[in-house]
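User: Please go through this structure with me and justify each term that you apply to it.

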Amino acid sequence: MRIARHDTAGFTLTEVLLALLVLSVGMLGVAAILLESLRASRSGIARTQAVTLASDIADRIRANRTTTDAYDCDGHCDAGEGGNAVAIADLAAWRDTVATKLPDGAASLSLMPGAPGTPAVYLVEVNWHEGGAATELAYRLRVELAEETW
């Protein structure tokens, strides 16, 4: 009497489908992580750009100290504002650069005049919107102008 033996080799269809399901879930997780890293990278670039732009106008203010209030925009900087020709050109270039480099970028400058023994202070603010953010983001820089003693 012979006994029939069925040796099975390979995988069943159920095993293959289950393996594909597990692999698909893993790939979706990888894709989600990739998208989040791209968003974080874009956010980091915008924040770095805001810091660079604020530092740029701070350097321009320190370089052109003919009058303390030359760069006072009293808030949002509009075209033609500035106390002298250099300040007007600097503010126009800076405002345009902020608008170009940052999404919905806006710039503002205001001056708090100093008193004897207290330096004048410029408040520099750069605002922008990031994709997916409900509120406007801002970077603020405080620039103190101490009296020059030569």
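**Terms and their grounds**

Analyst: The side chains of Asn-84 and Asn-64 make a polar contact at 3.2 Å. The model is predicted, so local features need pLDDT of at least 70 and side-chain atom pairs count only at pLDDT 80 or more, while totals for chains, interfaces and linings use all residues. Residues are numbered from 1 along each chain as its sequence is written, and side-chain values use heavy atoms, without hydrogens and water.

User: Why is the pair Asn-84 and Asn-64 called a polar contact?

Analyst: A polar contact is a pair of N or O atoms within 3.5 Å, where within protein one must be able to donate a hydrogen and the other to accept it, and residues adjacent in sequence count only if both atoms are side-chain atoms. The value here is 3.2 Å, so the pair qualifies.

User: What makes S1 and S4 edge strands?

Analyst: The open sheet has four strands in the order S1-S2-S3-S4, with antiparallel pairing. S1 and S4 each pair on one side only.

User: How do you know that S2 and S3 pair?

Analyst: Two strands pair if DSSP finds at least two bridges between them. Seven bridges join S2 to S3, so the criterion is met. Leu-109 stands opposite Val-124 in S3.

User: Which helix packs on the sheet, touching S2, S3 and S4?

Analyst: H1 does, and its direction makes about 25° with that of S4. The angle is taken between N-to-C directions, from 0 to 180 degrees, with axes fitted to C-alpha atoms, for helices over the stretch in contact. H2 lies across S2 and S3, at about 140° to S2.

Technical notes:
Helix = DSSP H or I, 4+ residues; strand = E, 2+ residues; numbered from the N terminus. Contact = heavy atoms within 4.5 Å.
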